Amino acid sequence: MSTHKPTAPARTYAAYSAPLWRRVLLTRETAVIALTAAVILYSIVNVPNFDGPLTLKFLLQDIAPILLIALPMTLVIITGEIDLSVASIMGLSSVLLGVLHENGMSVPAAALLALLAGLACGALNGFLIAYVGLPSLAVTIGTLALFRGIAVGLLGTKAVTDFTEKWSDVATGTIGDSRIPLVIIPFAVLAVAFVVLLHFSTFGRGVYDIGLNDEAAHFTGVDVARTKFILFVLSGVVSAFAGIYFTLRFGSARGDNATGYELQVIAAVLLGGVSIFGGRGRLHGVLAGVVLIGVISSALRLESVTVNVTNIIVGCLLVASVILPSVLASTSSRLPRKAATPPESRPTQNAASAGV
Amino acid sequence: MIASNTAAPVLELRDVSKSFGPVVALRSGSLRVDAGSIHALVGENGAGKSTLVKVVAGVHRRDTGTFELGGEPVDFSSTAESKQAGIAVIYQEPTLFPDLSVTENIFMGRQLLSRGRRIDRQAMYAEAEGLFTRLGVRIDPRRPAEGLSIADQQIIEIAKAISLDARLLVMDEPTAALSGVEVERLFAVARSLRDEGRALVFISHRFDEVFALADTVTVMRDGAYIDTRRIDETSPSELVSLMVGRDVDDLFPKVPAEIGAPVLQVRGLNRAGVFHDIDLEVRAGEIVGLAGLVGAGRSEIARAVFGVDRYDSGSVSVAGKPVKGHDPRSAIRAGMAFIPEDRRKQGLVIDSSVTRNVAGVIRRGIAKAGLLTSAMEHRAAGPWAATLEVKTSALDMTAATMSGGNQQKVVIAKWLATGPKLLIIDEPTRGIDVGTKAEVHRLLSELAGQGLAILMISSELPEVLGMADRVLVLCEGRITAELDRADATPEAVMHAATHHLEAAR
């Protein structure tokens, strides 16, 4: 394929229509990162104890499951699908870890089986969505109830709490003497892997193509079904891993662990600039979105503001982040100014000569 | 301009302009349409015809210029206002409510009422019947709009326009998706409307239709008015040179190519209810045309051969090696390239950049150790875009910002980059302006000369007859004739395309 060469090119093209600084700075992702940095600075200056020794550790431990699941969720949403069953898979893996450990299995062996269960859950979602062709919203609402039901059914209302101390320590420990929790290590590895997968691989190009136009993707030889299947399996496995971490951190396996986390994950992904219609978004924006929500929650908690208020603020932020780009786009199209149009819809002068 | 009538024209636009941000879509549009006349509006894609129509329809508001309707200056800020003023626009693909009945679609938003504000269905059915009789078409007013052909849907739009007593009807490329018979019926309707004294504006890329239907023609180029001629005082070649601003002498520059070994072999391909017993062969250097009416199964066969659709039985092989069915990836590996009919939905990821589109199929080949960066894609895509002379300011511009002709070049670049043995191209020049059309034809001819096997589907008979070395004619899913270039006359092709019964035996 790559050996084929075009005949003498008649002209060359600029690779980009805008200078580097514009492509880097005038993006949704940069806006989220800047906002996150601003909120962190504000909190350090104004919120008592925000710069305390434990804040960073607890903050990162709190957002670790969301950070983890946001990785595959970003790819799933970019293909135009959604996975609402992630929190239920966390719950199911938590219960499996507890039940298997209670019956004498070592923590690593039980965790491995829990991961496999997550894989199976993801494969079920993926099969129904990618190969049977059912809508992901309906399928994962169903499996959200199904997996949660199995989790609660297995353990009832009781909790398993007697985990080997060694593994609980791993889940709550930090890297050396720093304030960074150990869980950030597997997260960092996964984050690098997902960035490469989405932004620097042919698979990732296919993910965007599917989200923008799955029919055209099919016509160019992207295996749409296999791509979606793989993403749902990844989502299942990573959710199970997050569930195991969650269980060991709190030393408690319960059927209702992590209830409602799916919405926190999706909120963060959307806040980070991923389009719910698919095809747009980048991972660094999403990770900034997760951190932003985490910092706001943490700062408000230190200010003794109730969780309800936190939710209201996060909710408003999310709605504003969805509305703002369209408001900006419509105002800038009404005012005939030169540089105010958003990057997506910005036509250049040359578009006129190319024909519209 | 034409000798001025005593009465004010139905529509008169002078020096109308419209810009979108920095993009000037219409610099200086002028159009004068008289009552009882069919006025053709021609120009390349991007000449500003559609923008002009949208100004008339009230979709866009003009920036400058005068806009008069029946001598009165008007200024529409919505489509409702233009409808109120008696303007009806019929688009290439009508947008009806599929679940509602034909009658409900016609009377949408202004249903006839009987006592007690109840909807008077009987009166509506009767009036719909009356409209269809007047138009000389037979459509059941009670049936749902779902499943109607595009031609019938357009008739419904026209019926709606008449029931609103529109004095000006604008038809934007109404014939693009119609078969010969349907075009004739549409033209008969258009002529009867003209004879009733209404004014019609007809936009088309097909000159035979312009000359068959219109009495006056206005040419636009680069967003500006060029000239208006009476149709009996002009010729197709004159219009073409007005449109492109230069002479295009040969629309179909087919050069003879050396024909080599068979590349594509299709044997006994079947899909229940769609196509039957399809045997075909395309040799290296050969262009095989697949002709037939819309709905004869041409595109369906192409899609099955390439593997985007399944087939029930039969076999496909490229250069002697069998290709797995229903698997585009194995078709691509075998050396097939497929440029589908619907560029915006199937050919391109329209919201993606030129680079991502051009490198869309070859990216597996340009990745190093599984890693792929934008820079690598730009490097690979740039020369291909250049080879096809794609007009764009930068490689990261989205395909959606480009004209139809340039989009088609992007699709062709994408597939040529794979170094294919066989190119299947469905409607190579649909919705493409005259200049680019000739470029595409020249390119196909050159590619065949380099030994590429080409299977070309086209609804434009001159294109098939001009380009193909061999023509296969389909009718209702069966190949009804195989004609060599010398034997392929319009009569022979149309005969085979409509006479399936005796030929299918």
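**Cores, sheet and domains**

Biologist: Leaving aside neighbours within four places in sequence, which residues is A:Ala70 in contact with?
Modeller: This is a predicted model; local features need pLDDT of at least 70, side-chain atom pairs count only at pLDDT 80 or more, and totals for chains, interfaces and linings use all residues. Residues are numbered from 1 along each chain as its sequence is written, with chains lettered from A and ligands numbered from 1 in the order written. Contact means C-beta atoms, placed from the backbone, within 7 Å. By that test the partners are A:Val265, A:Ala268, A:Val269, A:Val286 and A:Val290.

Biologist: How many residues does the largest nonpolar core have?
Modeller: A nonpolar core joins buried Ala, Val, Leu, Ile, Met, Phe, Trp, Tyr and Cys through C-beta atoms within 7 Å. Buried means 20 or more other C-beta atoms within 10 Å of a residue's own. A:Ala70 and B:Leu422 are among those with the most contacts inside the largest core, and its count is 182 residues.

Biologist: Why does this core lie between two domains of chain B, and which are they?
Modeller: Domain bounds come from an automatic or database assignment. Both domains give residues to the core, so it lies between them: domain 2 (250-335 + 420-505) and domain 3 (348-419).

Biologist: In the open sheet S12-S11-S14-S15 of chain B, which strands stand at the edges?
Modeller: Strands are DSSP runs of E, at least two residues, numbered from the N terminus. Two pair if DSSP finds at least two bridges between them. Each edge strand has a single partner, so one side is left without a neighbour in the sheet; these are S12 (275-283) and S15 (321-322).

Key. A residue is buried if 20 or more other C-beta atoms lie within 10 Å of its own, exposed if 12 or fewer, and partly exposed in between; C-beta atoms are placed from the backbone. Two residues are in contact if their C-beta atoms, placed from the backbone, lie within 7 Å. Helices (H or I, at least four residues) and strands (E, at least two) are DSSP runs, numbered from the N terminus.
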